[in-house]
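Here are a few exercises to work through with the coordinates loaded. Try each task before you read the solution.

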Amino acid sequence: MTPHGAPADTYQVAQPKRPVRPKPGEPTVAAGGARRTIMLALCLTSFIPLLVVAYALYTQLVPLLDHTRRVRDLPWLQALLVLTALLMALGGMIIWDQTRALSRRKPASPAPAPERSQPPSESPDDADTLLHSFSRMLAPIEEQAAALDRYAERLDSAYHELESTNARLKEYSFKDEVTGLYNRRFFSIRLEEEVSRYRRFNHPVSVLLLDLDAFKSVNDELGHAAGDETLRGMAEILLRHSRGINVICRYGGDEFAVLLVETSKSGARLYADRIRYVLSSYPFAHRRRVTASFGIASLPEDVAPTADDLIRAADEALYAAKRAGKNRVSVREDVAVAQPVPSGVKVE
């Protein structure tokens, strides 16, 4: 009996308070913190590098659409791609280690309730679930990294092809289509370089201009195909009997120019006489004898060291040879004794 005469079984015996257990499928606090850490690591190691790579590809693809420009930042782009791939791999390793640590961590078991057994958990372990989820997320990231590597290889191949194309285009822009010689533009560039070198080192340089005599009659009587053949024959003679350092060009029409590097006026005159002799006996297919007139100007003998003055002096010497009867070589001194040509009359 208890006080007040109440029976003993009417009083409830105080039971110890049971700890609160998470419901099946509800993540624990530790697992929730790990998930947040993994998501943050994914953002830092995958999404941000992908944005950086996308921006880099955009800045590099825009210049590639214009084939006249060069791609100069390819090493920087390759370094950026490699750094991005390393960041992805590092992030994957960090998340992998964390998920393995979570899988090895044993959750603290709550104090068992007296005389009650723990029902077995029917949900899978949170760490295993997180590990499988991360594995599914990591697979497309690895595929993207492999795709970026393949794209970098294609970009490198496109860069080398573009370099080769630009070199060919540059070469074509300096070549004459009919003769294969350099054109007037290239000759002017090289002449400026040689005149500048003369100013620094005082090395001699000469310019030879030659004009085919009566070339218009070849075109008119035999046709332009025969005229082109004559021009190509003249180019072959100049190439065969010139040094490799000389610059030979088709200056315009039936006029040719030769930049004689490290050649004085006397050497230029010997060169012109040899070309004149070979040309007079050259076996053209149309079997017509072709001759030419030559004009020579040299530094330092003739004019001031400027490209324009040197070309002007050679041109005046050429017309002096035309006025003196053609098929001859004239120099600066011959200009004063040549007969003047009436205004408006062109000497062929």
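**Exercise 1. Find which residues methionine 234 touches, leaving out residues up to four places away in sequence.**

Solution. Keep in mind that you're working on a predicted model. Start at the methionine 234 side and list the contacts: Leu210, Leu212, Phe256, Ile275, Leu279 and Phe284. Next, place Met234 in its surroundings: the largest nonpolar core has 27 residues, and Met234 is in the group that touches the most other members, together with Leu208, Leu210, Leu212 and Leu238. Then ask which elements build that core: β1 (205–212), α6 (224–240), β3 (255–261), α7 (265–280) and β4 (292–299) each put in at least two residues. The largest share, 6 residues, is from α7. Finally, don't mix this core up with a second, separate one of 24 residues, which includes Val195, Ala257, Leu299 and Ala307.

**Exercise 2. Work out how β1 is covered on its faces, and how it pairs with β3 and β4.**

Solution. Count burial first: 8 of the 8 residues in β1 are buried. Now split the strand by side. Val205, Val207, Leu209 and Asp211 lie on one face, Ser206, Leu208, Leu210 and Leu212 on the other, and both faces are covered. For the pairing, β1 runs antiparallel to β3 over 7 bridges, and Asp211 sits opposite Glu255 of β3. With β4 the pairing is also antiparallel, over 8 bridges; here Ser206 has Ser298 as its bridge partner.

**Exercise 3. Check the length of helix α8 against 1.5 Å a residue.**

Solution. α8 covers residues 307–323, which is 17 residues. The expected span is 1.5 Å times one less than that number of residues, so it should come to 24 Å; the end C-alpha atoms are 25 Å apart, and the two agree. Just past the helix, Gly325 takes a positive phi of about 125°.

**Exercise 4. Identify what covers the buried residues of α8, and describe how α4 packs on it.**

Solution. List the buried residues of α8 first; among them are Ala307, Leu310, Ile311, Ala314 and Leu318. Their cover includes α4 (184–201), β1, β2 (247–252), β3, β4 and β5 (329–330). Zoom in on α4: its Phe187, Leu191, Glu192 and Val195 meet Ala307, Leu310 and Ile311 of α8. For the geometry, the α4 and α8 axes are 9 Å apart, at an angle of about 115°. Angles of 65 to 115 degrees count as roughly perpendicular, so that's the label for α4 and α8.

Terms used
Residues are numbered from 1 along each chain as its sequence is written. This is a predicted model: local features need pLDDT of at least 70, side-chain atom pairs count only at pLDDT 80 or more; totals for chains, interfaces and linings use all residues. Side-chain values use heavy atoms; hydrogens and water are left out. A nonpolar core is a set of buried Ala, Val, Leu, Ile, Met, Phe, Trp, Tyr and Cys residues joined through side-chain atoms within 4.5 Å. Buried means under 20% relative accessible area, exposed over 50%, partly exposed in between (1.4 Å probe, protein chains only). Helices (H or I, at least four residues) and strands (E, at least two) are DSSP runs, numbered from the N terminus. Contact means heavy atoms within 4.5 Å. Two strands pair if DSSP finds at least two bridges between them. Axes are lines fitted to C-alpha atoms, for helices over the stretch in contact, and angles run from 0 to 180 degrees between N-to-C directions. Angles under 35 degrees count as roughly parallel, over 145 as roughly antiparallel, 65 to 115 as roughly perpendicular and the rest as oblique.
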